[in-house]
Amino acid sequence: YEKITNGEEMAKSRVGEILYEKIFKYYTYKQWKKWPRDMHPSVLARLPCRNNHDTRYKNRKYMVSISSAILNFTGCIFYMT
């Protein structure tokens, strides 16, 4: 698209026609009761799309789960007492 004017064009430009038809089109209507063509492009631009096998939600170099951080912290507390 030369200029993206609605959510349908945004989704198609990010994931292609096939994935748009199979996933975004009907899910968007189910979630918001609006078709993607009736939505502002910025709404569908926020949806995370991956083109690799990285399963992390954010692209950060270092990540730790909250549960492991709490376990390490409580372990330190019990060790010190």
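How many salt bridges does the count come to? The count comes to three in this predicted model, and the views below visit each of them, along with the nonpolar core and one arginine.

**View 1. Glu8 and Lys12 pair up within helix H1.** The closest N and O atoms of this salt bridge are 2.8 Å apart. Both partners belong to helix H1, where four residues, or about one turn of the helix, separate them. Are these two residues buried or exposed? Lys12 and Glu8 are both buried. For Lys12, the label follows because its relative accessibility is 16%, and buried means under 20%.

**View 2. Lys12 also meets Glu17.** Here the side chains form a salt bridge with an N to O distance of 3.4 Å. Glu17 has 43% relative accessibility, so it counts as partly exposed. Step back a little and you can follow a network of salt bridges that links Glu8, Lys12 and Glu17. As a friendly reminder, side chains of opposite charge can pair when their charged atoms come close.

**View 3. Lys25 and Glu21 form another salt bridge.** The N to O distance between these side chains is 3.5 Å. Like the pair in the opening view, Lys25 and Glu21 both lie in helix H1, four residues apart, which is about one turn of the helix. Glu21 counts as partly exposed because its relative accessibility is 29%.

**View 4. Five residues make up the largest nonpolar core.** Look for Met10, Ala11, Tyr20, Phe24 and Leu44. Which helix gives the largest share of this core? That is helix H1, spanning residues 7-32, with four residues.

**View 5. Tyr20 in its surroundings.** Setting aside residues up to four places away in sequence, Tyr20 touches Glu8, Ala11, Lys12, Val15, Lys25 and Pro36. Some names will be familiar from the earlier views: Ala11 belongs with Tyr20 to the largest nonpolar core, Glu8 and Lys12 share a salt bridge, and Lys25 pairs with Glu21.

**View 6. Arg14 and its contacts farther along the sequence.** Arg14 sits in helix H1. With 33% relative accessibility, Arg14 counts as partly exposed. Once neighbours within four places in sequence are left aside, Arg14 is in contact with Leu44, Ala45, Arg46, Leu47 and Cys49. Among them, Leu44 is also a member of the largest nonpolar core. Arg50 is worth finding too: Arg14 and Arg50 are 36 residues apart in sequence, while their C-alpha atoms are 9.7 Å apart in space.

Definitions and conventions. Residues numbered from 1 in each chain as written. Predicted model: local features only at pLDDT ≥ 70, side-chain atom pairs only at ≥ 80, totals over all residues. Heavy atoms only, no water. Core = buried A, V, L, I, M, F, W, Y, C linked by side-chain atoms within 4.5 Å. Buried < 20%, exposed > 50% of the residue type's maximum accessible area, 1.4 Å probe, protein only. Helix = DSSP H or I, 4+ residues; strand = E, 2+ residues; numbered from the N terminus. Contact = heavy atoms within 4.5 Å. Salt bridge = Lys/Arg side-chain N within 4 Å of Asp/Glu carboxyl O.
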